[in-house]
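Good morning, and thank you for coming. Today I should like to walk you through how two chains meet. Please look at the structure as I bring it up.

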There are 2 protein chains.
Amino acid sequence: MNQELKPADISRAPIGVFDSGVGGLTVAREIMRQIPNESICYFGDTARVPYGSKSKETVTRFSRQIVRFLKTHQVKTIVVACNTASAYALDELEKETDIPIIGVVKPGAKVAAEVTKNGKIGVIATEATIGSQIYTQYIREINSNATIYGKACPLFVPLVEEGLWQDPVTDEIARRYLTELIDSGIDTLIMGCTHYPLIRSTIGRIIGSDVTLVNPAYETALELKNMLKERGLLNEEPPKLGSNQYQFYVSDAAEKFKQFANSIIKYGILSAKTVNIEDY
Amino acid sequence: MNQELKPADISRAPIGVFDSGVGGLTVAREIMRQIPNESICYFGDTARVPYGSKSKETVTRFSRQIVRFLKTHQVKTIVVACNTASAYALDELEKETDIPIIGVVKPGAKVAAEVTKNGKIGVIATEATIGSQIYTQYIREINSNATIYGKACPLFVPLVEEGLWQDPVTDEIARRYLTELIDSGIDTLIMGCTHYPLIRSTIGRIIGSDVTLVNPAYETALELKNMLKERGLLNEEPPKLGSNQYQFYVSDAAEKFKQFANSIIKYGILSAKTVNIEDY
């Protein structure tokens, strides 16, 4: 239990990070880069992936189970590294949980609201995230004059998962999704799904170099660092030699996850363990 | 409980049909066509779809929960209308269940083994179904000289779910998946995933008119009819006017399911109810 730990111990506790599957690894990767002393306990819900086409009730129920699981690992904070879960479940999770929880939506929305010059911001994300209007809501809180153009891109996740990161088919699908955003004259585009940074070069090429791409993974790691610092929770010591700094858990198909993870994260993921998440 | 029903009552009990989501509706549709007196209780696991990329343990656990749910509706038999669940879980389910259960793999394998002239049979399916080698096993039991060429087609399901049934992108992906099957000289191709009959025209055009397409949905409905007849379970009476002949349950997003279902089944699906399947 966190309550039993001394302050110095708490700062050495891992950061819990979760996603519907592998997408959240782009967030974990940024945390590894920006705050390399931190330990991470990652959970990917590979038995029930994807979340982006599912309902608020279901995504919230799944997220609650995962928070309960991560708390058994004495995490000091939780990062909801999934836009859909951040959009649907973060408010509920914050109310119910006694450790700080941050999502990926707010940090991405904040930077987009700040960097736009013409006030026209595009958001590409899952059906669930777009339908929730959460980016619009957060951006307007900061920049009430902004106009937000949301576009659901449901085929991007399977295309990324199939490894078609540089492929004419992904180009063609991206063109279909992005054309109306180009026509609307946006100068800023939020990649509002953790899978999308993996096809950043395709998205960037099609949307054009005049449009600033916002990667919420980067902004989230930055916000996490600031939050930990403010609360005195930042781990100042490098991890002990031989300690298991990065732990990965999934609800299914650990071996496949490990292979995919090793293609995204260059730190060498030694193992991923399977957890029956429905038991939490 | 079935045990308490008289034989005449049992024959009027519904047929349980389940799938990971909407794909099994192609099987339900064939049952409606071929044995129109029968009632159907359909369950689509839309909270945990897809199954095709998940492990045997997970798919079996999910399938067991669904069988328990369907039995609360006093079904007289269960059709596993999902190739992945048939491949991974059918053997276990048959052992554990006191009513007849049939899958979609065996009927499709049987007809393919019979219709091939040159003994070269292609199977297109999910990664899970191809990896299980179950079609190969069943076909060889009937036709030990057959050569089976399996090809996983993971993007077909999302393309179908996105409605790209007639689309240049689906054509391009189909060409990539099917080229090696064409080169291997198959004369028969099993559409080993219940979603695939929805893009039958694309598959048929690309594989060529010399190749016989086998739709396991059709063969399964035929086998179901024969099995019910042999066991005296066929419902000889048309359903009562105003009775709820077709009932649909899902684990998530009932409204979206209903819309999709109505595009596949022309009988008019009045409602779909949401069930928390993890409770079963």
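Let me begin with a term that I shall need later: a crossing of helices is called left-handed if the near helix is turned anticlockwise from the far one by less than a right angle. Please also keep in mind that this is a predicted model.

I turn to the contact as a whole. Chain A brings 15 residues to the contact, and chain B brings 15 residues. On the side of chain A that touches chain B, helix α9, residues 168–183, gives the most, with three residues. Sorted by class, that side of chain A holds seven nonpolar, six charged and two polar residues.

How are the two chains related? A turn of 180° with a shift of 0.0 Å along the axis lays chain A on chain B, with an RMSD of 0.0 Å. The two copies are therefore related as by a two-fold rotation axis. In chain A, the C-alpha nearest that axis belongs to R48(A), at 2.3 Å. Moreover, 100% of the interface residues of chain A are interface residues in chain B as well, so the copies meet through the same surface.

Finally, the helices. The axes of α9(A) and α9(B) come within 11 Å and cross at roughly 165°. Because angles over 145 degrees count as roughly antiparallel, α9(A) is roughly antiparallel to α9(B). The crossing in which α9(A) passes α9(B) is left-handed. Here V169(A), E172(A) and I173(A) meet V169(B), E172(B) and I173(B). The residues of this helix contact comprise four nonpolar, two charged and no polar ones.

Conventions:
Residues numbered from 1 in each chain as written. Chains lettered and ligands numbered in written order. Predicted model: local features only at pLDDT ≥ 70, side-chain atom pairs only at ≥ 80, totals over all residues. Contact = placed C-beta atoms within 7 Å. Helix = DSSP H or I, 4+ residues; strand = E, 2+ residues; numbered from the N terminus. Nonpolar A, V, L, I, M, F, W, Y, C, P; charged D, E, K, R; others polar. Least-squares fit on C-alpha atoms with pLDDT ≥ 70 in both. Axes fitted to C-alpha atoms, helices over the stretch in contact; angles between N-to-C directions. Parallel < 35°, antiparallel > 145°, perpendicular 65-115°, else oblique.
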